[in-house]
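Work through the exercises below with the sequence and the structure at hand. Try each task before reading its solution.

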Amino acid sequence: MRAQTKIPPPSRQRPPFRTNGERGESYKKPPKRTPVSTSDLTFTNRIRDKHTPIMSTGAGKTVCVTGASGYIASWLVKLLLSRGYIVRASVRDPNDPRKTEHLRALDGASERLQLFKANLLEEGSFDSVVQGCDGVFHTASPKELIDPAVKGTLNVLNSCAKTQSIKRVVLTSSIAAVAYNGKPRTPEVVLDETWFSNPDFCRETKLWYVVSKTLAEDAAWKLAKEKGMDMVTINPAMVIGPLLQPTLNTSAAAVLSIMKGRAKDNGIHALERFLSHQEMNINKMTSVYLEWNSVFDLASHI
Ligand SMILES: NC(=O)c1ccc[n+]([C@@H]2O[C@H](COP(=O)([O-])OP(=O)(O)OC[C@H]3O[C@@H](n4cnc5c(N)ncnc54)[C@H](OP(=O)(O)O)[C@@H]3O)[C@@H](O)[C@H]2O)c1
């Protein structure tokens with residue numbers, strides 16, 4: 001029997017984000033937060049309670065969320081509205097109730113949610129969406145990989161670059177963009193903000209999602225630097241937690257497949273490829289270490 005390899009998860013060692021300022025500099029430990037008892041709170045209240053001291057108030061501020069109907073974006077919209085922000089949310093089809101009904105039903109939506117039609121693949125499509133915004137959360141991601149992912153990201157960032165009012169852009173990237181480069185990940189290896197996945201290494205191993213996220217984030221950093229934009233990237237692993245939207249996104253579909261014992265469905269194909277690449281066996285999922293992020297923790301970066 002082959003010995004199982006334990007991969008230390010990168011985000012255990014460093015927070016799953018990086019900023020212009022932090023990139024390449026030595027890591028500073030964040031201040032300790034006082035733990036709160038959460039046993040008697042609902043999920044949404046837990047997040048609000050836990051993060052109230054560090055989250056900014058959004059009263060009078062306008063932010064844009066791209067791909068707002070998506071899993072992570074829907075939670076972002078919910079939390080932003082709950083903090084008082086005016087949210088300009090982009091969807092591809094504002095007339096599709098499956099994409100918008102759950103957003104329109106959120107607290108504060110009738111007063112402060114504005115829905116816009118925008119497509120990543122149309123140049124300038126986001127110009128009017130980001131107009132007048134203080135910040136932009138870019139989460140939209142096309143199903144078609146690589147070229148559309150890079151072009152889509154650049155389209156959104158180019159729209160942001162034309163807008164003077166934007167103070168910061170937050171790009172939802174992925175652990176995929178940082179963790180796959182063939183370097184050893186043994187306990188003594190320090191992973192930091194300088195780590196990127198190696199596109200050639202990932203092409204060889206046919207990790208196309210990893211290639212697309214790596215190229216998209218790389219292109220985003222180059223453009224942000226060129227335009228002098230303040231950008232932060234978030235690099236989550238598999239994101240789990242309740243869905244607000246009525247449809248399954250990739251990570252939820254993967255969890256459902258595991259629960260139904262159909263390990264080879266949907267997103268699990270990709271998972272299987274990188275596990276096999278790590279010399280692990282998908283059939284031994286119970287003993288394999290995977291990195292997961294709670295959608296609450298992720299969305300609370302506002
Ligand atoms: N979920 C995870 O486990 C996970 C982990 C790491 C990183 N991420 C990253 O986090 C981001 C959000 O992930 P998610 O799971 O929340 O995704 P999701 O639920 O699939 O949402 C993606 C959104 O992108 C939008 N979109 C797709 N193609 C588009 C296009 N051509 N133009 C405009 N919008 C388009 C879709 O909008 P419409 O509904 O309007 O079509 C959809 O709402 C992605 O960048 C993903 O790579 C996710």
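Helices (H or I, at least four residues) and strands (E, at least two) are DSSP runs, numbered from the N terminus. This is a predicted model, in which local features need pLDDT of at least 70 and side-chain atom pairs count only at pLDDT 80 or more, while totals for chains, interfaces and linings use all residues. Residues are numbered from 1 along each chain as its sequence is written, and side-chain values use heavy atoms, with hydrogens and water left out.

**Exercise 1.** Describe the shell of residues around the ligand.

Step 1. A residue is near the ligand if one of its heavy atoms lies within 4 Å of it. The ligand is surrounded by 28 residues, and the closest are Ser69, Arg92, Leu120, Tyr209 and Lys213.

Step 2. Helix H3 (71-82), helix H10 (208-227) and strand E8 (238-240) each give at least two residues to this shell.

Step 3. Sorted by class, the shell holds 13 nonpolar, 11 polar and 4 charged residues. Here Ala, Val, Leu, Ile, Met, Phe, Trp, Tyr, Cys and Pro are nonpolar, Asp, Glu, Lys and Arg are charged, and the others, Gly among them, are polar.

**Exercise 2.** Find N or O atoms of the protein that pair with the ligand, then state how much of the ligand is covered.

Step 1. Start with side chains. An N or O atom in the side chain of Ser69 is 2.5 Å from an oxygen atom of the ligand. For the side chain of Lys99, the distance from such an atom to a ligand oxygen is 3.0 Å.

Step 2. Turn to the backbone. A backbone N or O atom of Leu120 lies 2.8 Å from a nitrogen atom of the ligand.

Step 3. On its own the ligand has 890 Å² of accessible area (Shrake-Rupley method, 1.4 Å probe). The protein covers 91% of that area.

**Exercise 3.** Is Lys183 buried, exposed or partly exposed?

Step 1. Locate the residue: Lys183 is in the loop between helix H8 (176-179) and helix H9 (199-204).

Step 2. Apply the cut-offs: buried means under 20% relative accessible area, exposed over 50%, and partly exposed in between (1.4 Å probe, protein chains only). Lys183 has a relative accessible area of 44%, so Lys183 is partly exposed.

**Exercise 4.** Which confidence values apply to the chain?

Step 1. pLDDT is the predictor's confidence in each residue, from 0 to 100. The protein chain has a mean pLDDT of 80, and 72% of its residues reach 70 or more.

Step 2. Over residues 1-15, pLDDT stays under 50. Residues 35-54 also have pLDDT under 50 throughout.

Step 3. Where pLDDT is low, the predicted coordinates should not be read in detail.

Notes:
Polar contact = N/O pair within 3.5 Å; in protein donor to acceptor, adjacent residues only side chain to side chain. Contact = heavy atoms within 4.5 Å.
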